[in-house]
Amino acid sequence: MREIIFDTETTGLDFRDDRVIELGCIELVNRFPTGRTFHHYINPQGRPIHAEAQAVHGISAADLMGKPTFSDIAEEFLAFIDGAKLVAHNATFDIAFLNVEFGRLGHPVVDPGLVVDTLALARRKHPMGPNSLDALCRRYGIDNARRTKHGALLDSELLAEVYIELIGGKQAALILDSATAPAGGRRNVDDIDISIGVRPIALPSRLTDADRTAHASMVGTLGEKALWLRVAPEASSAA
């Protein structure tokens with residue numbers, strides 16, 4: 001299973017008029033990072049950066065001089081995400097910007113069925129919040145000390161760790177050794193050969209005679225239709 005954790009930084013908050021100025025992605029296969037990344041700063045083609053947005057991500061217009069435009073990196077980005085699910089925090093924000101950028105180039109919009117929103121996952125798992133990326137890093141003990149400003153690639157790296165925790169941790173898929181997992185994804189539990197050995201010497205019972213007598217006495221008070229007598233019929237003769 002292939003997933004792309006991604007994040008964007010933009011000139012502002014209005015996806016209809018503002019532009020994407022940074023795009024960062026981390027590739028996961030079977031919920032583990034592969035080391036493959038995609039990252040570009042993007043020239044907004046004259047669109048000014050709002051002061052409020054620059055205060056968040058620290059990217060200035062001067063930083064973007066000479067950087068590629070979205071049209072320059074679009075095909076490379078589409079090739080990187082091809083066939084994968086897209087995972088983002090507050091994904092509706094990022095996807096809205098990407099869809100407008102793709103629309104300007106005549107590309108189809110992102111299939112919403114391929115999008116996973118970790119903010120929605122977090123709100124279901126932790127309904128009392130807070131569920132910002134920083135708050136989730138604190139909750140799961142993920143070191144985000146480097147995050148003095150928002151940055152698309154760094155935020156994707158942190159979100160990849162948060163995402164794994166949100167879906168149950170690294171062993172949630174029962175793949176403890178990726179080298180033994182099939183290339184197509186998870187192994188079927190029925191296909192795993194599990195051998196359970198027999199103890200050469202049985203462990204001694206921890207029940208005393210007094211425990212058995214007390215239990216039999218309690219079962220005797222339950223009546224003839226007690227469920228216990230169906231699953232442990234020997235208890236009726238002991239009572």
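These legends accompany close-up views of a predicted model.

**View 1. The overall fold has nine helices and five strands.** From the N terminus on, the order of elements is β-β-β-α-α-β-α-β-α-α-α-α-α-α. The protein has 239 residues, and 38% of them are buried.

**View 2. Strand 4 pairs with strand 1 and with strand 5.** Strand 1 covers residues 2–10, and strand 4 covers residues 85–88. They run parallel and are joined by three bridges. Ile-4 stands opposite Leu-86 of strand 4. Strand 5, residues 115–117, also runs parallel to strand 4, again with three bridges. Here Leu-86 faces Val-115 of strand 5. Leu-86 therefore stands opposite Ile-4 and opposite Val-115, in strands that count as paired because DSSP finds at least two bridges between them.

**View 3. A right-handed β-α-β crossover leads from strand 4 to strand 5.** The chain leaves strand 4, passes through helix 3 and enters strand 5. Helix 3 spans residues 91–105.

**View 4. Lys-85 lies in strand 4.** Is this residue, Lys-85, buried or partly exposed? Lys-85 counts as partly exposed because its relative accessibility is 36%. Gly-113 is 28 residues away from Lys-85 in sequence. In space, their C-alpha atoms are 8.4 Å apart.

**View 5. The largest nonpolar core holds 22 residues.** Ile-4, Phe-6, Leu-23, Phe-70, Phe-77 and Leu-98 have the most contacts inside this core. Strand 1, strand 2 (20–29), helix 2 (70–81), strand 4 and helix 3 each give two or more residues to it. Which element supplies the largest share of this core? Helix 2 does, with six residues. In soluble globular proteins, nonpolar side chains tend to be buried together.

**View 6. The largest pocket encloses about 530 Å³ of space.** Its lining has 25 residues. Asp-7, Glu-9, Val-56, Phe-93 and His-150 lie nearest the centre of the pocket. By class, the lining has eight nonpolar, ten polar and seven charged residues.

**View 7. Several elements line the largest pocket.** At least two lining residues come from each of strand 1, helix 1 (51–57), helix 3, helix 5 (133–139) and helix 6 (152–166). Which element gives the most to this lining? Strand 1 does, with five residues. Strand 1 and helix 3 also each give two or more residues to the largest nonpolar core.

**View 8. Arg-31 has a positive phi although it is not a glycine.** Its phi is about 70°. Arg-31 lies in the loop between strand 2 and strand 3 (32–41). Arg-31 is buried because its relative accessible area, 16%, falls under the 20% limit.

**View 9. Gln-45 also has a positive phi.** Phi is about 55° at Gln-45, which is not a glycine. Where does Gln-45 lie? Gln-45 sits in the loop between strand 3 and helix 1. Most residues other than glycine have a negative phi.

**View 10. A cis peptide bond joins Gly-129 and Pro-130.** Omega is about -5°. Pro-130 is found in the loop between helix 4 (118–125) and helix 5. Most peptide bonds are trans.

Key: Residues numbered from 1 in each chain as written. Predicted model: local features only at pLDDT ≥ 70, side-chain atom pairs only at ≥ 80, totals over all residues. Heavy atoms only, no water. Helix = DSSP H or I, 4+ residues; strand = E, 2+ residues; numbered from the N terminus. Right-handed = clockwise from strand over helix to strand, strands pointing away. 1 Å grid on protein atoms, 1.4 Å probe; cavity = no way out; pocket = protein on both sides within 12 Å on 5 of 7 lines; lining within 4 Å. Points joined across faces, edges and corners; volume = space filled by probe spheres on them. Nonpolar A, V, L, I, M, F, W, Y, C, P; charged D, E, K, R; others polar. Core = buried A, V, L, I, M, F, W, Y, C linked by side-chain atoms within 4.5 Å. Buried < 20%, exposed > 50% of the residue type's maximum accessible area, 1.4 Å probe, protein only.
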